[in-house]
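Here's a walk through one protein chain, going from a few side chains out to the overall shape. Keep the structure open beside you as you read.

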Amino acid sequence: TSVRAELPNIAGTMPEDYLPGLKKLLDVAGRQSSQMLLKQVEIDKASAGIIAANARRRPSLSADVNYASSRTAVSSNTDTQSRDNGLFYSIGLNQPLFYWGELQKGYEIAQLRELIAKRSFSEARRVLSGVVRQQYLLLVTKKSALAHGRSALDLVKAEVASLEARSKDGIVADAEVQGRKLFLAERTVEFDELEAAYVKDRRSLGRLAGAEDLAEDDVASEIPKPVPQTEASGLLVAELLRTGGKNTFSAQIAEMKVKDADLSYRIQRLRNLPKFNFGAGSSLQNSTNATPNSVSQTGIAQQSLSINAHWSIWDSGATKAAKLDTLADKRSAQVQLKLTTDVTTEQALAAQKDVELKARKLELVDTRQTIAAVGVDRLAKDVDFGMASRISVDVATRDLRAAEYATALARALYFIAWSELVSLVGADPVTTPSSPTAHVRP
């Protein structure tokens with residue numbers, strides 16, 4: 001028997017815990033995105049299905065009321081006739097008595113389908129949150145790249161201005177100045193393209209999350225340094241393996257579909273059995289009979305109680321076909337359940353390895369950035385002592401900016417890998433019971 005591992009505390013480790021703008025966006029996405037609104041509609045429809053299934057088990061009351069006048073006579077003797085004139089009504093009550101458990105199973109199917117809709121909502125919320133996290137983190141790195149690109153562009157502009165001044169003094173050839181101006185124009189176009197792509201991605205992310213507009217201030221300027229969770233990732237995957245991957249939303253949905261198909265099969269097995277109902281009714285009819293010798297008027301009131309049975313004794317194989325069809329649905333759902341758990345397990349193992357690799361990359365890029373920063377400081381001091389040129393400092397500064405971008409990208413990729421693992425194993429905070437937009441089993 002496997003022993004349940006002590007699960008790590010996820011609180012404070014997710015990217016939204018470091019980035020308030022992302023936390024706000026995730027909350028908006030859970031309530032306002034088109035995907036989640038459509039999933040909520042599915043829940044509402046499934047809830048209506050429960051009401052309909054429950055109504056089939058309960059009594060139904062119907063009434064028919066009309067005011068009319070009609071005359072009936074024998075065509076060969078019009079002296080004898082009857083007339084129905086006045087108020088007519090009938091009231092009927094019907095209550096299913098015994099359906100061999102069919103109505104109860106139908107009610108259980110409706111309950112299952114509501115749970116499936118709620119689990120589908122949570123699964124969609126999980127997937128959407130992963131996409132929002134990924135796009136937001138990459139958007140922050142693009143914003144960082146823009147800042148570095150702007151800084152690099154300013155250096156080129158300063159260089160061109162210096163060359164132009166030296167060209168006027170005859171120190172630098174005009175051809176060299178024109179060459180650097182062309183280089184500046186090319187870098188300016190590239191920067192403008194990067195900026196346009198950033199604005200487009202920011203707007204696309206806002207639409208995805210259901211936000212009217214994702215303001216520039218809502219996008220962080222940098223990604224804080226995360227604390228790697230390599231040990232926690234191992235514990236999460238170990239718990240997933242212990243349960244066979246059946247605690248995830250996708251596996252729970254597949255498992256409930258197996259139960260749905262099994263109940264549907266059990267219902268089809270009852271098709272050729274008699275179904276019993278209880279009925280009660282009351283009616284009133286006014287009738288006038290006229291003959292050559294007399295006229296009589298009668299009010300006829302009827303009350304009835306009955307137990308009736310409907311029995312589909314033979315349906316030319318329709319029941320057999322229905323049973324085979326639902327059995328096939330059940331086998332398909334069972335295969336889908338196994339496939340879902342197998343895929344989830346493989347994805348979790350791969351995600352765990354990805355988290356470990358991204359954590360190692362974090363250490364390397366941090367070291368590279370530290371070395372680049374030290375190099376810039378050393379060259380700046382050498383310039384003060386006349387031991388290095390200003391150009392060498394500019395080159396080292398560009399290298400530092402590149403290292404800073406690499407660090408930002410590595411942090412983003414680590415957070416993406418970590419949140420994907422947490423999401424895969426079913427521990428994502430946005431879909432836990434404490435989440436205001438999470439749907440959970442009652």
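Let's begin with charges and rings. In this predicted model, Arg180 sits over the face of Phe183, 4.4 Å from the ring centre. Arg57 does the same sort of thing with Tyr107, lying over that ring's face at 4.1 Å from its centre. Here are the two cases side by side:

| Arginine | Ring it lies over | Distance to ring centre |
|---|---|---|
| Arg57 | Tyr107 | 4.1 Å |
| Arg180 | Phe183 | 4.4 Å |

Rings can also pair up with other rings. How many aromatic pairs are there? The count comes to three. Which residues do ring pairs link into a cluster? Look for Tyr18, Tyr414 and Phe415.

Now zoom out to the secondary structure. The protein chain has nine helices and four strands. If you read along the sequence, they come in the order α-α-α-β-β-α-α-α-α-β-β-α-α. The chain's radius of gyration is 38 Å, well over the 22 Å that the globule rule gives for 442 residues, so the chain is more spread out than a compact globule. You can get a feel for that from the box its C-alpha atoms fill, roughly 140 × 60 × 40 Å along the principal axes.

One helix deserves its own look. H4 covers residues 102–168, which makes 67 residues. How far should H4 span at 1.5 Å a residue? The expected figure is 99 Å, and the end C-alpha atoms are 97 Å apart, so the two agree. Tyr107, the ring under Arg57, falls within the residue range of H4. Just after H4 comes Gly170, with a positive phi of about 75°.

Next, pick out Ser69, which has its place in strand S1 (residues 60–74). Is Ser69 buried or exposed? Neither, quite: its relative accessible area is 47%, so Ser69 counts as partly exposed. Ser69 also shows how folding brings distant parts of a sequence together: Asn286 is 217 residues away along the sequence, yet the two C-alpha atoms are 9.6 Å apart in space.

What about contacts across the protein chain? Taking those with a separation of 6 or more, 82% are between residues 24 or more positions apart.

Finally, the surface. Of the 442 residues, 38% count as buried. The accessible surface of the protein chain comes to about 25100 Å², and carbon and sulfur atoms make up 54% of that area.

Technical notes
Residues numbered from 1 in each chain as written. Predicted model: local features only at pLDDT ≥ 70, side-chain atom pairs only at ≥ 80, totals over all residues. Heavy atoms only, no water. Phe/Tyr/Trp six-rings, centres within 6.5 Å; stacked < 30°, edge-to-face > 60°. Lys NZ or Arg CZ within 6 Å of the ring centre and 35° of its normal. Helix = DSSP H or I, 4+ residues; strand = E, 2+ residues; numbered from the N terminus. Rg over C-alpha atoms; globule rule 2.2 N^0.38 Å. Buried < 20%, exposed > 50% of the residue type's maximum accessible area, 1.4 Å probe, protein only. Contact = heavy atoms within 4.5 Å. Areas by Shrake-Rupley, 256 points an atom, 1.4 Å probe, with all protein chains shown as cover. Expected span 1.5 Å × (residues − 1).
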